[in-house]
Amino acid sequence: MAPKIFIDGEHGTTGLQIRTRMAGRRDVELLSIPEAERRNAAMREDMLNGADIAILCLPDDASKEAVQMVSANNNVRVIDTSTAFRVNPGWAYGFAEMDKQQADKIAAARFVANPGCYPTGAIGLIRPLRAAGILPDGYPVTVNAVSGYTGGGKQMIAQMENPDHPDAITAPHFLYGLPLTHKHVPEMTVHGLLDRAPIFSPSVGKFAQGMIVQVPLHLDDLAEGTTMESIHAALVAHYAGQDIVTVVPLAESKALPRVNAIELEGKDTMKLFVFGTPGASQVNLVALLDNLGKGASGAAVQNMDLMLAS
Ligand SMILES: NC(=O)C1=CN([C@@H]2O[C@H](COP(=O)(O)OP(=O)(O)OC[C@H]3O[C@@H](n4cnc5c(N)ncnc54)[C@H](OP(=O)(O)O)[C@@H]3O)[C@@H](O)[C@H]2O)C=CC1
Ligand SMILES: CC(=O)N[C@@H](CCC(=O)OP(=O)(O)O)C(=O)O
């Protein structure tokens with residue numbers, strides 16, 4: 001019998017994109033609730049408990065409620081796309097390429113926390129350098145990023161696309177998270193293996209899907225002898241053996257006049273770049289992804305497949 005999958009929040013932005021990715025798959029059976037009943041708690045509880053894997057695409061509070069609903073039922077495994085459990089040690093962090101062992105941890109887990117979109121880029125750049133001893137304790141890491149507006153879910157999509165919305169946003173690009181307390185900072189710190197929280201400055205652009213995450217670094221404050229080339233080599237070594245996270249060759253990045261935030265729209269991969277001038281004292285590390293691809297729905301489907309294969 002095909003394993004049963006229930007996407008709680010299937011009519012929201014992340015849920016819909018998971019459904020699209022699952023369309024036509026015959027190896028799983030999708031359980032579904034009509035859109036009008038999406039907040040019917042009794043119906044959701046039934047569906048959640050009838051699933052082999054429940055994928056939660058809900059706000060944090062609703063995710064916590066859903067986990068409560070299946071807590072006594074060991075037959076149900078959970079992938080949560082919210083922020084609620086990402087630094088909870090009882091949950092496997094769903095970034096399969098983060099470490100060589102992570103895919104196996106996800107495959108064996110009952111509870112998997114899907115990463116945030118910005119943290120996928122930031123951790124993807126930072127963690128290999130911490131693991132290789134290149135980025136020292138206490139380094140003041142900064143993370144600057146721009147996201148497509150679908151990152152803000154149904155509400156932000158309406159604000160950006162409907163000029164008659166009472167809170168319509170007309171800015172083509174805006175900064176937010178100005179108090180520097182964004183909900184992704186703990187996750188970047190823990191899974192980036194940082195001993196000091198990064199300064200995280202997110203922004204949104206007037207495009208639906210795409211994301212650029214930047215981590216600029218001063219080479220003379222890194223481990224002695226670190227160069228642009230040695231950082232690139234550490235990233236290449238970290239991501240060897242898989243094809244979802246790729247490290248762009250230095251010669252290729254050198255030839256680029258710009259990075260296009262929507263280049264990976266609709267794709268579930270992530271590209272990492274090391275920019276700078278050979279011999280100079282600064283580099284800019286850049287991650288390029290789709291906030292709804294490797295940043296959310298694509299990663300959720302990848303994690304589901306890892307869990308189904310175990
Ligand atoms: N969008 C993105 O790029 C990313 C999103 N995420 C995370 O994914 C999760 C979902 O986000 P997103 O899809 O963007 O949000 P949306 O607002 O687009 O969708 C959320 C869905 O959940 C439903 N919902 C809300 N509260 C409840 C409830 N109490 N019971 C049942 N259903 C409920 C909503 O219904 P209704 O229409 O009635 O509100 C809606 O269908 C969030 O935790 C978000 O942080 C993670 C990474 C990236
Ligand atoms: C543009 C925008 O608003 N983005 C969202 C993050 C999207 C995302 O990654 O959601 P999770 O927190 O569930 O991971 C934000 O900044 O809150």
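In this predicted model, an oxygen atom of ligand 1 lies 3.4 Å from a backbone N or O atom of glycine 12. Threonine 14 also faces this ligand through its backbone, with a polar atom 2.8 Å from a ligand oxygen. Asparagine 291 contributes a polar side-chain atom, 3.1 Å from an oxygen atom of ligand 1. On its own, ligand 1 exposes 890 Å², and 84% of that is buried by the protein. Helix H1 (13-22), helix H6 (153-161) and helix H10 (293-309) are the elements that each give two or more residues to the shell around ligand 1. That shell has 24 residues, with Thr13, Thr14, Arg39, Leu58 and Lys154 the closest. By type, the shell of ligand 1 holds 7 nonpolar, 11 polar and 6 charged residues.

Ligand 2 is surrounded by 15 residues, of which Arg86, Cys117, Tyr176, His182 and His184 come nearest. The shell of ligand 2 divides into 5 nonpolar, 8 polar and 2 charged residues. Its polar contacts are listed here, among them one to a backbone atom.

| Ligand 2 atom | Protein partner | Distance |
|---|---|---|
| oxygen | threonine 83, side-chain N or O | 3.2 Å |
| oxygen | arginine 86, side-chain N or O | 2.7 Å |
| nitrogen | glycine 151, polar backbone atom | 3.2 Å |

Of the 420 Å² of accessible area that ligand 2 has on its own, the protein covers 84%.

The location of the ligands can be described as follows. The space taken by ligand 1 is the largest pocket, and ligand 2 sits in the largest pocket. Domain 1 (4-116 + 296-309) and domain 2 (117-291) each supply at least three residues to the shell around ligand 1. For ligand 2, the shell likewise draws at least three residues from each of domain 1 and domain 2.

Technical notes: Residues numbered from 1 in each chain as written. Chains lettered and ligands numbered in written order. Predicted model: local features only at pLDDT ≥ 70, side-chain atom pairs only at ≥ 80, totals over all residues. Heavy atoms only, no water. Near = heavy atom within 4 Å. Polar contact = N/O pair within 3.5 Å; in protein donor to acceptor, adjacent residues only side chain to side chain. Areas by Shrake-Rupley, 256 points an atom, 1.4 Å probe, with all protein chains shown as cover. 1 Å grid on protein atoms, 1.4 Å probe; cavity = no way out; pocket = protein on both sides within 12 Å on 5 of 7 lines; lining within 4 Å. Sits in = over half its atoms within 2 Å of the grid points. Nonpolar A, V, L, I, M, F, W, Y, C, P; charged D, E, K, R; others polar. Domains from an automatic or database assignment. Helix = DSSP H or I, 4+ residues; strand = E, 2+ residues; numbered from the N terminus.
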